[in-house]
Structures are given as structure tokens and as C-alpha cells.
Amino acid sequence: MHTLLITGPGGAGRTTVAAATALAAARSGRRVLLLSGDVGDPQGALLAAPAVPGLRVARVDSGEEFREELVALQQRGSALLGMVGARPLGAEEITELPGAGEFALLRALRRAAAAPSTDLVVVDLPPLHQAVATLALPAQLRRYLARLLPAEKQAARALRPVLAQLAGVPMPAQWLYQTAARWDEELAAVQAVIEAGTTELRLVAEPGPAAADALRLGRLGLALQQLPVSAVVANRMVPQDSADPWLAGIAAQQEKYAAEWAAELPVVPLAHLGRDPRGPQDLEQLADTDGLVPQAPAPRRPWAVEDRLAEDGVLVWAVPLPGAHRSDLDLVRRGDELLLTAGPYRRIVPLPAALRRCTVSGAALAHGELRIRFTPDPGLWPRTQ
């Protein structure tokens, strides 16, 4: 099954584009599920009756998801809550906390990817910066769980007396580790969908200087998470042949930035309707756009390790970071991990096995690629006779 993630700078029209894309794919004969977490059900307003054959729309109710998850967690930990004298919260008094929407959308994505009789899942993600953080969330949380609650029973035995002393009652550490294991399993399933070869990501933007800056930073964050962008939808394109000088100026600016994006990525131009899209007729007009229906995703390239030992005595780890500036970047080696910073985004990645026996000897940015040089550590590198 094919998964298409759609995001873009706030106000760029990503929700409309997601609905038009889903409609176009359904009209081409695919069985499509459109998934949205937006409050107010804007997809339902755009895709009003009559129903489109082959197209289903699902809206994530993050409040209900949060209540169900917290109630279930209280039930599983009822023994612990009883020991410390806590009074569980009732479902009717639980309101969702910040971040609950992202978790609900990720869980819905996992369920949608496993749904039968579906050829394409179109996901209307939050605005770009928030979407980058949301897509990075499963891997980040799994790393935190592995560090804070390691699966080894030695850690559980070491933790129990500390917690017992703090709480003044025996602590069932086994429950804590079982809960962490369940969370890790769910997060791993979501991460597998996000990183699957059948998943692609499109950006929606109205061409202009502000959108260009937002896309540059957003693509940087996505590249840091190894989530390549397959295309950009240049939304609300004004006709080029307008006799109005003001509209002609806007059209020229849009063409300039769309051409710059097209030099790096496929661009799908989507015409401005002269009004905000309000219903099925407007959506059908947009769905007629060529290139809107996604094809098979391009294969993802891993970050390659280049062997230059014979020529330069180093191994080079090539990290694609399109649009990066030197001032955006920072890297720190911490044991067998590398902490990479690109603009406002940060990621800790494990080093490939060969590079763990090396020291970082330098890095250079050229043509949208960060090339990190590693020199073998004589004390750890296998000796040749």
C-alpha cells in the first residue's frame, strides 16, 4: 500500500491539496483513505455529498483517543495507584494535553497503513515545522525509552529500591517495564510506516520568498530524519497572461520561485481559482490537475559510507542536507552516536559499525551534502599484516 504524507507552511492550502489529491486518485480507480487531524472537519466540507466511489475520509478525534489511552493506562496501573492512595480520573473529566493530537495522528496512521482494501492513504499532516517534529517523534521516544528504561532486568532491580524509598511503598517495576515495552512496540510500528519504501512526502507552498525560506528549513529537518521530499505542489498559481500589472507581478514572482524549486524537485503547479475552494465543484476542478495523482515512490538512499582509506586514509560519511548553509550545521561525537544539528532541528544517530572505531577528523558542506571524515583509531582498527 502507498502512503502519501502532505504538509507545508501554515496557510499554504495543504488541506485542500490533500483532499484534491485523494479525490483525483479515487477518480483514477484507486481505493483511497484520506486521513486528517484538523479540528472542524474541513475535509468533510470540501468532500460533501454525494459520496465519491473508492474514497473514504477519516478524521482523528485526538480528544477521544487521549481519554481512552489515559483510562486504559489507569486500569493497567490500578494496583500502583491504589498503593500510593491516588484516585483515578474519570473519562468525563479528562481533557487532552498539548501534543495529544500528534500522538493520535500517528496511531491513526499506523492503523490506516494496516487497513485492508486500501491502495493509497493520503495524510493531511500539521504545518511543516510541526510535521517534522511529529514524524521524528517515534524514533526519538524509542531512544528515550531505551535509555531510561532498558529492558535488562538488572536495571529493573536497581530501580525498584530507589523508587520504593521515594514513594515509601514497594514499587512494581515490572509493570513499568511492561508498559515501556508496549509503548516501544507501538512506536516501532509507526516508525516502520514512516520509514517504509512505500511512503512518500509532498510539500505544499504558494511560491514566494517567505515560502522559499520555510521550505528550505523544512526540507533540512526532513532530510535530517532521512525523509526525502518527492515533490512540491506550487499552490494558487496566478495566470501568466493577465493584463493587470499587479497580477502580472505576482505571477512573475510565483514563476521565479517555482522554477527554483523545479531545479531540485518535481513541481506540480495548481491554479488559483480566484476564490477560496468551498465545496465539491471547486475540489473537482483542482483534482483535474496533471501530476496530482502520486506514482510509485522513488527508492530511498541510505547515508553512504565512502571508503577512502587507500587515497586519503579516511572514511567519509555522506549526509544529504539539501539547502543547508554552513551556519546551520553543528555536529558532536558522543560515544557511538553523532549529534547532528541542522538549523532548528537536531537528531542523534548511531554510527555505522565501521565508524565507531574511528575519530571524527573533519567535515565539509558542498552541493547540499555534509561529508564527515573519520580517521581510524589505531587502538581499535584491525591491523593488517
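In this predicted model, strand 9 (residues 314–320) and strand 14 (residues 369–376) pair in the antiparallel sense over 6 bridges. One of the contacts in register joins P320 to E369, its bridge partner in strand 14. Both strands belong to an open sheet of 4 strands with antiparallel pairing and the order 8-9-14-13. Strand 8 (305–308) and strand 13 (358–366) form the edges, and each pairs on one side only. On average, neighbouring strands of this sheet are turned by 25° against each other, direction ignored.

A second open sheet holds 7 strands. Its order is 3-2-4-1-5-6-7, and the pairing is parallel. Strand 3 (55–59) and strand 7 (267–271) are at the edges; each has a single partner strand, so one side of each lacks a neighbour in the sheet. The average turn between neighbouring strands here is 20°, direction ignored.

Strand 5 (199–205) sits between strand 1 and strand 6 in the strand order. Strand 1 (residues 2–7) pairs with strand 5 in the parallel sense over 5 bridges. T7 has L203 of strand 5 as its bridge partner. The pairing of strand 5 with strand 6 is also parallel and spans 5 bridges. Across this pairing, L201 stands opposite V229 in strand 6, and R202 has A231 as its bridge partner there.

Strand 5 is mostly covered, with 7 of its 7 residues buried. In a regular strand the side chains alternate between the two faces of the sheet. In strand 5, T199, L201, L203 and A205 point one way. E200, R202 and V204 point the other way, and all of these residues are buried. The charged residues E200 and R202 are thus listed on one face together with V204.

Two helices were examined against this part of the sheet. Helix 9 lies across strand 5 and strand 6 and runs at about 160° to strand 5. Helix 10 (residues 245–262) lies across strand 5, strand 6 and strand 7, at about 170° to strand 6.

The largest pocket has a volume of about 830 Å³. It is lined by 34 residues, of which L227, P228, V229, P299 and R300 are the closest to its centre. Strand 5, helix 9 (209–224) and strand 6 (229–237) each supply at least two lining residues. Strand 5 gives the largest share, 4 residues. By class, the lining holds 18 nonpolar, 8 polar and 8 charged residues.

Closed spaces were also found. The structure holds 2 cavities of 30 Å³ or more. The largest cavity contains about 60 Å³ of space. Its lining includes L135, A136, Q191, I194, L227 and R347. Helix 6 (128–148) and helix 8 (173–194) are the elements that give two or more residues to this lining. Helix 6 makes the largest contribution, 4 residues. The lining divides into 6 nonpolar, 2 polar and 2 charged residues.

The second largest cavity contains about 30 Å³ of space. L5, L135, I194, T199, E200, L201, L227, P228 and R300 line it. Strand 5 gives the most to this lining, with 3 residues. The lining comprises 6 nonpolar, 1 polar and 2 charged residues. L135, I194 and L227 appear in the linings of both cavities. P228 and R300 line the second largest cavity and are also among the residues closest to the centre of the largest pocket.

Conventions: Residues are numbered from 1 along each chain as its sequence is written. This is a predicted model: local features need pLDDT of at least 70, side-chain atom pairs count only at pLDDT 80 or more; totals for chains, interfaces and linings use all residues. Side-chain values use heavy atoms; hydrogens and water are left out. On a 1 Å grid over the protein atoms alone, a cavity is a set of points where a 1.4 Å probe fits but cannot get out, and a pocket is an open set with protein on both sides within 12 Å along at least five of seven lines; lining residues have an atom within 4 Å of a point. Grid points are joined across faces, edges and corners, and a volume is the space filled by probe spheres set on the points. Ala, Val, Leu, Ile, Met, Phe, Trp, Tyr, Cys and Pro count as nonpolar, Asp, Glu, Lys and Arg as charged, and the others, Gly among them, as polar. Two strands pair if DSSP finds at least two bridges between them. Axes are lines fitted to C-alpha atoms, for helices over the stretch in contact, and angles run from 0 to 180 degrees between N-to-C directions. Contact means heavy atoms within 4.5 Å. Buried means under 20% relative accessible area, exposed over 50%, partly exposed in between (1.4 Å probe, protein chains only).
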